[in-house]
Amino acid sequence: MKKPLFLTLLCVLSLGLFAANNKKPSERELVSQNMPKIEAPSKKYKVLCFSKPYGFRHNSIEIGKTMMEVMAEKTGLFDVTFSEDLTEFAPDKIKQYDAICLNNNTHLQKGMKDEKMRETFINYVKNGGGIFAIHSATDGGWKEYVEMIGGNFDGHPWGAGGTWGIANEDPNHPIVKDVYQGENFTIKDEIYQYKDFDRSKNRVLMTLDLSHEATGKKNGKRADKDYAVAWVKNYGEGRVFVSSLGHNKEIFYHPEILKMWAEGFRFVLGEADVDTSSVPKPAAK
Ligand SMILES: [Zn+2]
């Protein structure tokens with residue numbers, strides 16, 4: 001009787017060790033493992049991460065906050081304050097931040113109804129503030145907000161469960177040059193199409209690659225077939241980075257996307273000076 005008991009114990013112990021060695025890393029561990037190294041920052045900036053949606057609430061909001069926390073810790077680029085409270089946009093509060101991360105906050109116009117607050121926010125950017133806009137931060141807004149962002153959500157023919165082709169349109173640009181070494185790639189995420197998007201006012205970094213079969217098969221609304229996925233721009237003295245990617249949680253610990261986001265943050269904080277002049281859409285290959 002003793003031997004089988006011993007064997008059973010050994011078996012249980014081995015299984016335990018096996019499980020311990022093969023424990024799936026947590027989402028925070030994944031973000032941490034995949035956060036890229038950046039050039040040492042000249043100072044520590046202050047960032048507000050605003051995560052309150054006034055429309056659809058994305059499941060990825062929480063991991064968006066984790067990503068911000070880990071980026072702050074690992075790069076030393078900024079300290080981050082998290083809020084879902086619009087009082088952070090009051091004149092005496094907003095001025096302490098070098099940039100604001102708009103973390104999937106759908107339909108900001110439905111929350112920020114006060115004209116004075118909208119004006120304070122827009123003037124904050126015009127006067128040199130940074131904006132890092134993730135996914136549904138591009139969904140909604142009022143006239144000046146949409147101008148500042150550079151486009152407005154107009155549906156998503158490319159759904160979250162699909163894998164879509166992305167063209168790295170600006171492979172020498174510092175924000176995306178290291179993303180897949182500047183090559184085109186595929187990714188699983190929900191990709192927006194935009195209205196009120198004017199390429200001549202944005203520096204487009206990535207677009208949908210319509211030569212990718214599944215991607216090209218979907219019918220988007222735009223006559224010019226110009227489906228930007230990431231761009232930068234200046235708005236007054238301010239700096240804006242926009243990522244249409246950021247619906248699925250996996251985007252927030254995707255090593256290649258984190259490279260783009262870390263460099264995007266260096267730009268919006270004024271740490272890295274990058275070219276924001278518009279370039280025409282490359283001819284289809
Ligand atoms: Zn979404």
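Which residue of β11 does W231 stand opposite? In this predicted model, W231 stands opposite V242. I shall begin with the sheet around that pair, then turn to a helix, and close with two individual residues.

Nine strands make up an open sheet, and their order is β2-β1-β3-β4-β11-β10-β9-β6-β7. The pairing in this sheet is mixed. β2, residues 78–83, and β7, residues 185–188, stand at the edges; each has a single partner strand, so one side of each is left without a neighbour in the sheet. From one strand to the next, the twist averages 20°.

Allow me to look at some of these pairings individually. β10 and β11 are antiparallel and are paired over six bridges. Together they form a hairpin with two residues between the strands. In the turn, G236 has a positive phi of about 60°. Turning to β9, residues 203–208, we find that four bridges join it to β10, and these two strands also run antiparallel. Within that pairing, M206 has A230 of β10 as its bridge partner. Towards the β7 edge, β6, residues 163–168, is joined to β7 by four bridges, again antiparallel. Here G165 stands opposite T186 of β7.

Is β10 largely enclosed or largely open? Seven of its eight residues are buried, so β10 is largely enclosed by the rest of the structure.

I now come to the helices. α3, residues 61–75, is one of the elements covering the buried residues of α9. α3 also lies across β1, β2, β3 and β4, and runs at about 155° to β2.

α9 itself covers residues 255–268. With 14 residues, α9 reaches 20 Å from its first C-alpha to its last, close to the 20 Å expected at 1.5 Å a residue. How many residues of α9 are buried? The count is 12 of the 14, so this helix is largely enclosed by the rest of the structure. Among the buried residues are I257, W261, F265 and V268, and the list also includes K259, E263 and R266. What covers them includes, besides α3, the helix α2 at 27–34 and the strands β3, β4, β10 and β11. Just after α9, G270 takes a positive phi of about 85°.

Finally, two residues deserve a separate word. The first of my two examples is Y235, which lies in strand β10. Why does Y235 count as buried? Y235 has 20 C-beta neighbours inside 10 Å, and it therefore counts as buried; the cut-off is 20 or more. Leaving aside neighbours within four places in sequence, Y235 is in contact with V125, K126, M148 and V240. Y235 and G129 are 106 residues apart in sequence, while their C-alpha atoms are 9.2 Å apart in space.

My other example is K281, located in the segment after α9. K281 has 13 C-beta neighbours inside 10 Å and therefore counts as partly exposed. Not counting residues up to four places away in sequence, K281 touches R199 and D226. K281 and S200 are separated by 81 residues in sequence, and by 9.8 Å from C-alpha to C-alpha.

To close, let me return to the opening pair: W231 opposite V242 in β11, where β10 and β11 pair over six bridges.

Key: Residues are numbered from 1 along each chain as its sequence is written. This is a predicted model: local features need pLDDT of at least 70, side-chain atom pairs count only at pLDDT 80 or more; totals for chains, interfaces and linings use all residues. Two residues are in contact if their C-beta atoms, placed from the backbone, lie within 7 Å. The expected span of a helix is 1.5 Å times one less than its number of residues. Two strands pair if DSSP finds at least two bridges between them. Axes are lines fitted to C-alpha atoms, for helices over the stretch in contact, and angles run from 0 to 180 degrees between N-to-C directions.
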